[in-house]
Structures are given as C-alpha cells and as structure tokens.
Amino acid sequence: MDLLDLRVYGDVTVADVLIVVAVILFAVILAKVVTLNLRRALADKIKRDQLELLTKIVYWSIVVIALISVAPILGLNLSGLLVAGGVAGIVIGFASQSVVSNLVSGLFLMIEKPVRLGDQVEIEGISGFIEDIRIMSTIVRTYDGLYVRIPNERVFTSNIVNYTGNVARRFEYRIGIKYNDDVDKAMEIIREVVEKHPFVLKHPKPDVFVEDLGDNAVILSVRMWAPATEWFGVRMELLRDIKKKLEENGIEIPFPQRVVWFANELELKK
Amino acid sequence: MYGVYELQNFHLKIRDLELGIFEENGFRIYRRGDLKKVVVAESGRVVVNPVEPVNLPKNITRFLLIEFDKPMVVEPKSNGKISLTFPIEIAVILAGKKSFEVLDVFSFVEPKYTLYGDPKNGVVCRYWRSEIFEEEEDYVKGRLEVEISNSSSEWVEVEKLVFDVYGMKIYYGESVVAFAEVRILSEKVAETEFVDRRIGKKSLELYTARKIPMVGKKFVMEWGF
C-alpha cells in the first residue's frame, strides 16, 4: 500500500493531511507577501494605526479562508461545526473567560479608539508610547525603553490619559523672583521669551501673572499652549531660556531665606 | 535668484545669506551658514524656489492661518478681491533622474504657530499676520490674491483665513504670488482653497515632490473667521 494512501482517520489519508498542510503553508506565505506589499504600497499614504489594522485584517482573512476551504478535506463538516459551536461556545466561554474578555475589550478598543499607535499615554500608572494594539493586549514602550504588555481588559476598564489625544495642550511654570526685583520687568522678559518660541501657540494666548507672594519669593505663573506633539521639547527649552534671560537682566531666582530679629542687641564675646 | 542651477556651479547669495555646493577634500558639500550636507552626485540640477510655508522649524501641520491687522466686513451676496501676504520659505531641491530630494528649507521670517478651533477638534496652523492690501517683500513675504464671495444673506466680519497649503501653487518672477478663493457660506462657515492662476514660473510643490498624497485641498472653516 502506498504511504500516501494510508488512512490517518476515517476517510482522511496522509495525502489529504499533506495537502492541507501545504495549502495552509501557502496561505500563510501568501498572507505575509500580501501584507508586506500592502505595507510598502500604503506606508506613506495612510496612518500607521489604520495600516496595522488593515494588514491584520487581510492577513487573518487569507488564513481563515484557507482553513475553511481545506476543512472538508479533513472531513470537517462546517454546518455540523456551527451546531456544535453553540454548545462548545458556552463551554469555551466559561473556560476562557479572561481570554474572551480581553478579545472583546480589544475589539472595543479598536472601535472606540481612545488611543492610537504612537500616542503618548498613561494607563494604570504606566507611561509611554503605544507601540501596538493587538487583539488581546496593548503594547506600551515606556519612556525608558521598556516593553510593557497590558491585557486589553485592563486597558478598557482603566482611566486612560492620552497626552497626545488633543492637538494642543497647556503647560505651566512657576518661577520665583526676589521681592526687590521689578515684577513688571520680569513679566515682560518672560512674555518676550515665551512669545518668541515658534511652537508656543499664538492662540490660545500665553499668560504670565503673579500667582503668589511666597515666603522667599514672588511667584510668577507662566501658562502656555503648544502642539501636543511638541510640548515636551518646548517645555525643556523654554525654562532654560527664561532663566538665562532673567539672569542677563539682573533678575535673580532667590534661595530660601529667613530674616531673624533678635530681641536684645547682640554682644560680641571678647 | 529663484530658478534652476547646474549642480557644479550652484552658488547663491540671497540678502546676506550665502549658500551653494562647494568642493571640499574631493567631496561636494552643500553649505548654508553652519549647515553642511555631503552631496554624492555626478550630475543633476538644483532648484531654488519658494515653497508651501509649513516646514520650519519642522513640519507639524498643513494649514496656514492668516490673521488680518484689522477686521474686514463683507456685504451679503457679493464678491470682492483682497491682497494679503504670506511668509516665504525657500527650498533648495536636488533634481535628477526624474526624482527630487529636498536638501534644505530656510526663511527670513521667524516661524510661529497657532491653534484654530478648540484643542480637541481644531487644527494647529502656521501663523501669519498680514495687512489687507499689503505689499510683498523680496524673499520675506509673497503676495496672496484672494477672491472672496459671500453667498450668505448676512453681513459678515472676517478677521482671519485658514488654508490647506498642500494645494498651494506658488508662482515667482517679478514677485512671489499665490491665489486663493474664499466662499463664505454662512456667518460661521467658510470654505477656502488655493487655486491655480498661471503667472510667471511655477514653483516646485514640496508636497508633490515628497510624494505625499493629497486628499482634498479645500478647508472648511467651521470655528468662525
């Protein structure tokens, strides 16, 4: 008897199994080639998150179609599977509750889109860039370069702070100057430095005002808006520029100090 | 000064700024002030022309907001023309073998950005302030001729216009000029668009040279003007 005609189970022979393996392998290779070409063709035409979603849909569609088409060769009756699927679904559902929960959360995350690829976020105290939104989990690259996998169920039920969700965001400095210094001059210098920076937005207008008369300094508050993608760079550059410009103009940022009054005049020991 | 130059003889002085491709230790070096780039090419041309003003200090938007020095009031059901200015950014582009590469972009204007709309749904725009009927200035600001039509039945006050610069056609010759149309649809909504009116030599469009696909070039101003 020929080896290929050897029965594995029922009417399924070794040849059938080999055909199925070959078809699935071919489908996987075809899916990889198609998605690779899709990436090449659309990389600079559509957004990265949309491209990722599209390539995943195309990849899994090809693989699933191949699996469905070869199922009859293995003697799998799909209509029977559908009937059995109802019962099996309940059993599998209970057995894999967290898996299903993550899967459903993943689908809702893809529909609701509270975060997109490349966004800067904070989820459950983890801050970083969204690297990938998978069907079961979301991958975050923290600012110090660590790979963090968060199950989608937790992402979906957590408070998400998306730092780049809006096109612009506000940030603030609190700057202390000496009581002897000219407050108006200091505010004018700060306003000039802030307005000169290209990425400090013209509207909404930056604000500079006296916020507090502190123990050791007059506290000036500086509030400004910047494009969400640029705010951190602007924040780093501006504080340095403000300090340098204030110092150039003789305005000092004071150290903590305390004036001490003695009830009796001090006598030097002889 | 704008135009097409041979790679070997490219040397320019624009205002006080010198730029060009120079031979150094057997290499070709593009130099503008402190900026240096090595150019590995035997032949080719260098195109110097004004481009869409959204590249400096880096490209973060495709929109240009022009704020008027004083508001303008437009009669209902009427048409009119105004002349504004826009900031000039000059690109140095390497061209050859049917492809382009942007070597450098510089400007004599300090760039500034602003927000149009709210932080959630609005857009970040390159900011420019212009007088109505302002004269252009060589290498600093170009002329933008705008046709405004008010199809609403109300008087409207216009203080600013926002354009999508990805469809901007800039022409140079005696001066740098671009054209645009603004259709005021209601008291709150207007549609703006750069249009093509051939006059002089046409600048190479950066966003066509970079093969960035353009999806519509009209902009709907829905947060007032």
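Across the interface of chain B and chain A there is one salt bridge in this predicted model. The pair is B:Lys58 and A:Glu230, with 3.1 Å between the closest N and O atoms. Polar contacts add to the picture: ten residue pairs make them between chain B and chain A, counting pairs with both residues at pLDDT 80 or more. On the chain B side, strand S11 (113-116) and strand S12 (123-130) each put at least two residues into the surface that touches chain A. Sorted by class, that side of chain B holds ten nonpolar, two polar and six charged residues.

How much area do chain B and chain A bury between them? It comes to about 1500 Å², and 62% of that is on carbon and sulfur atoms. Three residues stand out here: B:Lys112, B:Leu115 and B:Pro119 supply 32% of the area that chain B buries against chain A, more than any other three residues. In terms of contacts, 18 residues of chain B meet 19 residues of chain A.

**Salt bridges inside chain B**

Now for the wider tally: over all chains, the count of salt bridges reaches 33. Side chains of opposite charge can pair when their charged atoms come close. Here are three pairs from chain B.

| Salt bridge | N to O distance | Relative accessibility |
|---|---|---|
| B:Arg31 and B:Glu24 | 2.4 Å | B:Arg31 27%, B:Glu24 25% |
| B:Glu147 and B:Arg197 | 3.1 Å | B:Glu147 29%, B:Arg197 30% |
| B:Arg183 and B:Glu191 | 3.2 Å | B:Arg183 23%, B:Glu191 18% |

Take B:Arg31 and B:Glu24, whose closest N and O atoms sit 2.4 Å apart. B:Arg31 is partly exposed because its relative accessibility is 27%, and B:Glu24 is partly exposed at 25%.

The side chains of B:Glu147 and B:Arg197 also meet in a salt bridge. This pair ties together distant parts of the chain, with 50 residues separating the partners: B:Glu147 sits in strand S13 of chain B, while B:Arg197 is in the loop between strand S17 (190-195) and strand S18 (201-202). B:Glu147 is partly exposed, and B:Arg197 is partly exposed too.

Then there's B:Arg183 with B:Glu191. Is B:Glu191 buried or exposed? B:Glu191 counts as buried because its relative accessibility is 18%, under the 20% cut-off. Its partner B:Arg183, at 23%, is partly exposed. Salt bridges with shared partners join B:Arg183 and B:Glu191 into one network with B:Glu147, B:Glu181, B:Glu193 and B:Arg197.

**A buried lysine on strand S13**

B:Lys141 is also part of strand S13 of chain B, which covers residues 141-150. Why does B:Lys141 count as buried? The reason is its relative accessibility of 16%, since buried means under 20%. Its side chain makes a polar contact with the side chain of B:Glu134 at 2.5 Å. Setting aside residues up to four places away in sequence, B:Lys141 touches B:Glu134, B:Glu135 and B:Glu136, along with B:Thr85, B:Phe86, B:Ile88 and B:Trp128.

**B:Leu64 and its surroundings**

Over on strand S7 (residues 63-74) of chain B you'll find B:Leu64. B:Leu64 counts as buried because its relative accessibility is 0%. Which residues is B:Leu64 in contact with, leaving aside neighbours within four places in sequence? They are B:Pro53, B:Phe86, B:Pro87, B:Cys125, B:Arg126, B:Trp128, B:Leu161, B:Val162, B:Phe163 and B:Val165. Of these, B:Leu161 is 97 residues from B:Leu64 along the chain, with 8.1 Å between the two C-alpha atoms.

**Over to chain A**

Chain A splits into domain 1 (3-76), domain 2 (109-162) and domain 3 (168-248). The C-alpha centres of domain 1 and domain 3 of chain A are 58 Å apart.

A:Ile133 is a residue of strand S4 (residues 126-133) of chain A. A:Ile133 counts as buried because its relative accessibility is 14%. Leaving out residues up to four places away in sequence, A:Ile133 touches A:Lys56, A:Met110, A:Val115, A:Arg116, A:Leu117 and A:Thr138. The C-alpha atoms of A:Ile133 and A:Ile150 are 9.8 Å apart in space, and the two residues are 17 apart in sequence.

Key
Residues numbered from 1 in each chain as written. Chains lettered and ligands numbered in written order. Predicted model: local features only at pLDDT ≥ 70, side-chain atom pairs only at ≥ 80, totals over all residues. Heavy atoms only, no water. Helix = DSSP H or I, 4+ residues; strand = E, 2+ residues; numbered from the N terminus. Buried < 20%, exposed > 50% of the residue type's maximum accessible area, 1.4 Å probe, protein only. Polar contact = N/O pair within 3.5 Å; in protein donor to acceptor, adjacent residues only side chain to side chain. Contact = heavy atoms within 4.5 Å. Domains from an automatic or database assignment. Buried area = accessible area lost by both parts, 1.4 Å probe. Salt bridge = Lys/Arg side-chain N within 4 Å of Asp/Glu carboxyl O. Nonpolar A, V, L, I, M, F, W, Y, C, P; charged D, E, K, R; others polar.
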